[in-house]
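Biologist: I'd like to get to know this chain one question at a time. Please start with the ground rules.

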Amino acid sequence: MTRAGLIAGYLAALLAVDTQVDLHGQLVLGALTWVALVLAARTLPAERRLQVAVVICAATVAELTGSILWGVYSYRLHNLPTFVPPAHGLVFIAGLSLSQAFRAHTRALVLIAAAIAAAWGVAGLTVLPRTDAAGALGVPLLLVFLWRSRARAAYAGVFLAVAALELYGTAIGTWRWAEHLPGLGIPDGNPPSGVAAGYVWFDVMALLLAPRLPAAGRRLLGLVQPHVEEPRQVLAADLLGERDELRRRDRAVAVLRRPGAEQAQEREVADLLA
């Protein structure tokens, strides 16, 4: 719980400072956030750290697609701030820490997350200032994961962290969601109620792929290793052959450099033996 609180405090300060800086300031914030991520992840098990890496990769691809290419939302400077990729890793760690802190009350945590998501989705279609049809489309997916998945506690913790971050970030103007999905015209909230469904997909990828990556790496190494060993063996054989040839040449040169008397004696001995 302490880790989740520290991450929440750091992210809140980070987004607040970002509203006051230019691009160069964002670069500094990005470097600080990578340091914060390393510090937050250093005590995690190796598999958890691998999950964090998968989340960062998947989230960065989604950010580039959703913000830069599609324009579903935009950051204050209309770029992808350098602190965003590591911040996704921090959000994931905070969600996991929150779920672990309430592991004795997993059912209550999941019910609270599901109730907030459902109420938010309904409010976006009825009473919120902006109609949130796009967000409402993602809520059922989130509810399915909260109901059926064995990792429901982790998803619930990440949803609560994401919901708080989205509400805070849009309120202070760090980013803003488009009123309609570009090219589709579907009304969207600021933030959408179902935005956490996207984070659930990041988590699903992390929880499914991370345990399989070491084995995949070993299989890939097994495929590459024979092709690496063969050139090494050929190279070793060539080097040994060159070494032997150099030794023969050295012996021949040594014989030629002997005094004439010794060479004559050797030739006499050779003639007698013949």
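Modeller: Sure: helices here are DSSP runs of H or I with at least four residues, strands are E runs with at least two, and they are numbered from the N terminus. It's a predicted model, where local features need pLDDT of at least 70 and side-chain atom pairs count only at pLDDT 80 or more, while totals for chains, interfaces and linings use all residues. Residues are numbered from 1 along each chain as its sequence is written, and side-chain values use heavy atoms, with hydrogens and water left out.

Biologist: How many helices and strands are there in the chain?

Modeller: Let's read along the sequence. The pattern goes α-α-α-β-α-α-α-α-β-α-α-α. Count the symbols up and you get ten helices and two strands.

Biologist: What share of the residues of the chain count as buried?

Modeller: Buried means under 20% relative accessible area, exposed means over 50%, and partly exposed is in between (1.4 Å probe, protein chains only). Out of 274 residues, the buried share is 38%.

Biologist: In which helix does Ser 97 lie, and which residues does Ser 97 touch?

Modeller: Ser 97 sits in helix α4. Its relative accessible area is 7%, so Ser 97 is buried. Contact means heavy atoms within 4.5 Å. Skipping residues up to four places away in sequence, α4's Ser 97 touches Met 1, Arg 3 and Ala 4.

Biologist: How many of the residues of α4 are buried?

Modeller: α4 has 18 residues and reaches 25 Å from its first C-alpha to its last, close to the expected 26 Å. That expected span is 1.5 Å times one less than the number of residues. α4 is largely enclosed by the rest of the structure, because the number of its 18 residues that are buried is 16.

Biologist: At what angle do the axes of α2 and α4 cross, and is α2 roughly parallel or roughly antiparallel to α4?

Modeller: Axes are lines fitted to C-alpha atoms, for helices over the stretch in contact, and angles between N-to-C directions run from 0 to 180 degrees. Under 35 degrees counts as roughly parallel, over 145 as roughly antiparallel, 65 to 115 as roughly perpendicular and the rest as oblique. The axes of helix α2 (residues 23-41) and helix α4 (residues 84-101) come within 8 Å and cross at roughly 30°. So α2 and α4 are roughly parallel.

Biologist: How do the residues of the contact of α1 with α4 divide?

Modeller: Helix α1 (residues 2-18) and α4 have axes that come within 8 Å and cross at roughly 150°. Arg 3, Ala 4, Ile 7, Tyr 10 and Leu 11 of α1 meet Ala 87, Leu 90, Val 91, Ile 93, Ala 94, Ser 97 and Leu 98 of α4. Ala, Val, Leu, Ile, Met, Phe, Trp, Tyr, Cys and Pro count as nonpolar, Asp, Glu, Lys and Arg as charged, and the others, Gly among them, as polar. So this contact divides into ten nonpolar, one polar and one charged.

Biologist: Is Cys 57 buried or exposed?

Modeller: Cys 57 has its place in helix α3 (residues 46-69). Its relative accessible area is 52%, so Cys 57 is exposed.

Biologist: Which residues is Val 204 in contact with?

Modeller: Val 204 is in helix α8 (residues 195-209). It has a relative accessible area of 10%, so Val 204 is buried. Leaving aside neighbours within four places in sequence, Val 204 is in contact with Phe 145 and Tyr 155.
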